[in-house]
Every structure is written in structure tokens, then in C-alpha cells.
Amino acid sequence: KKILLGVALLILVFVVVVATRPAAFHTERSTTMRASPDGAFALVNDFHNWSKWSPWEKLDPAMTRTYSGPTSGVGASYSWESKSDKVGSGRMTIEKSEKGSLIVIKLEFLKPFPATNTATFSFGTTSEGTKVTWSMDGKNNFMAKAFQMFVDMDKLIGKDFDAGLAAMKVEAESSKEPTK
């Protein structure tokens, strides 16, 4: 009985600790590239350009991609379906698009774990070119908060953001400015 009581007490303490952790999360990374804000902006504003720089595009070359709505800007939508749990399935829809300065995307993960987050890309002129900042904000449910007790999600997601921004930098600096 004492062992069961001890285990139950430990579980209760764990549940209370997890429940009191903040639900909101924010991950953000930036880089500066020798490209115009419009050139970097176009790589994000048209989902057809994401295959050139997105770190997730390369994880499953066999994933199914579907584009809908306008080609770029507000209302443009991109859905993906993958058998790989690393990629899963989901949808992105551009909700705000301010040429050369800001893109806000509704990011809906459907599999392996449902979640809805907001991805934001901001573009600003610097003396070295364009500073691109990629961030993601959302709310964690109980299971996500428990998972984050053991895994640093900022580092986990941040490494993908760093890889994506590095690939975007190469693309923006080495090619003619994409259209749209």
C-alpha cells in the first residue's frame, strides 16, 4: 500500500507541475542575407518556392503536396501529406502579407499530433542586406507541456528554423529574385 501511495503521490505531483507550466510558447530565429527584402519575401510568400529552402521539404521527397487559393499572398494555401512521422500532414494558409516586410501563416498540423500555431516571417533592411526573422507561436496542451519537461522544443524546432534560414539565405543570395 505504501508503494502504491508513493507512486500515486509522484504521479499527482507530476500532473500538478505539468498543469502549472505555461501553455504559450514562442520560438524565433533570424539571419541576415545579401538580398532585397522583396527577394527574401517572395521565397516565403509563394508556397511553390518553399521546396527551395524549407528543411521539411527534404525529409520526405514522396510526400503529396497540394496548393490552393491564389498563387501567393493572403489566402494562398499549401497542404502536405506524408507517411513519415517526421513530416506528418498539415496545412499552411497565409493570413497576412505585407510586401517586403511581413507574412503571417496559420500553421495546422493534422498528423502525427494535431496542433494549430502561427508562423511569422518579418523582413527588415539592414546595412548588410535583409534581416529575416522566422518565429512560431502557439499553445501547448497537457501532453505537449509534459513532453517539454524532457525535450527543449526551442532547440528542437530552432535547429530546423536555422537550417531553413541558412538555405533561404543561399537561395536568396545566389538566384535572381523570385517572382510574386
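**Entry 1: a term, then the model**

I take contact to mean heavy atoms within 4.5 Å. I also keep in mind that the model I have open is predicted.

**Entry 2: what covers α2**

With that term settled, I went to helix α2 and looked up its cover. What lies over the buried residues of α2 includes β1, β4, β5, β6, β7 and α4. I then listed the buried residues of α2 and found P37, G39, A40, F41, A42, L43, V44 and N45. Eight of the nine residues of α2 are buried, so I noted this helix as largely enclosed by the rest of the structure.

**Entry 3: stepping back to the whole chain**

I wanted the overall plan next. I get four helices and seven strands for the chain. Reading along the sequence, I wrote the pattern down as α-β-α-β-β-β-β-β-β-α-α. The C-alpha atoms fill a box of roughly 70 × 35 × 25 Å along the principal axes.

Of the 180 residues in the chain, 39% are buried. The chain exposes about 10,300 Å², and carbon and sulfur atoms supply 61% of that area. I also looked at how far contacts reach: among those between residues at least 6 apart in sequence, 55% join residues at least 24 apart.

**Entry 4: the largest nonpolar core**

A general reminder to myself: in soluble globular proteins, nonpolar side chains tend to be buried together. Here I find 31 residues in the largest nonpolar core, and V44, I105, F121 and M168 are the ones that touch the most other members. The elements giving two or more residues to this core are β1, α2, β3 (77–81), β4 (89–98), β5 (102–111), β6 (115–126), β7 (129–139) and α4 (153–174). With five residues, α4 gives the most. I was glad to meet V44 again here, as it was on my list of buried residues in α2.

Which residues does I105 touch, leaving out those up to four places away in sequence? I read off V44, F47, W50, M92, T93, I94, E95, N117, T118, A119 and F121. Two of the names there, V44 and F121, stand beside I105 among the core members that touch the most others.

**Entry 5: the largest pocket**

Rolling a probe the size of a water molecule over the atoms shows where empty space is left. I looked up the largest pocket and got about 1,400 Å³ of space. I count 48 residues in its lining, with F109, F113, M136, M153 and I157 nearest the centre. The elements that give two or more residues to this lining are β1, β3, β5, β6, β7, α3 (142–147) and α4.

Which element gives the most to the lining of the largest pocket? My note says α4, with seven residues. I sorted the lining by type and got 29 nonpolar, nine polar and 10 charged residues.

**Entry 6: M153, a residue by the pocket centre**

I picked M153 from the residues nearest the pocket centre and placed it in helix α4. Beyond four places in sequence, M153 touches F147, Q148 and G158. I also took a C-alpha distance: M153 and F25 are 128 residues apart along the chain, and 9.1 Å separates them.

**Entry 7: two more stops on α4**

A163 lies in helix α4. I have A163 as partly exposed, with a relative accessible area of 40%. Its C-alpha atom is 6.3 Å from that of P55, 108 residues away along the chain.

L156 is in helix α4 as well. I have L156 as partly exposed at 36%. The C-alpha atoms of L156 and P61 are 22 Å apart, with their places 95 residues apart along the chain.

**Entry 8: T31 on β1**

Is T31 buried or exposed? I find 18% relative accessibility for T31, and the cut-off for buried is under 20%, so T31 counts as buried. T31 sits in strand β1, residues 24–33. Setting aside neighbours within four places in sequence, I see T31 in contact with T130, K131, V132, L165 and K169.

**Entry 9: a peptide bond to flag**

Last, I looked up the bond between K111 and P112 and found it to be cis, with omega about 5 degrees. P112 has its place in the loop between β5 and β6.

Methods:
Residues numbered from 1 in each chain as written. Predicted model: local features only at pLDDT ≥ 70, side-chain atom pairs only at ≥ 80, totals over all residues. Heavy atoms only, no water. Buried < 20%, exposed > 50% of the residue type's maximum accessible area, 1.4 Å probe, protein only. Core = buried A, V, L, I, M, F, W, Y, C linked by side-chain atoms within 4.5 Å. 1 Å grid on protein atoms, 1.4 Å probe; cavity = no way out; pocket = protein on both sides within 12 Å on 5 of 7 lines; lining within 4 Å. Points joined across faces, edges and corners; volume = space filled by probe spheres on them. Nonpolar A, V, L, I, M, F, W, Y, C, P; charged D, E, K, R; others polar. Areas by Shrake-Rupley, 256 points an atom, 1.4 Å probe, with all protein chains shown as cover.
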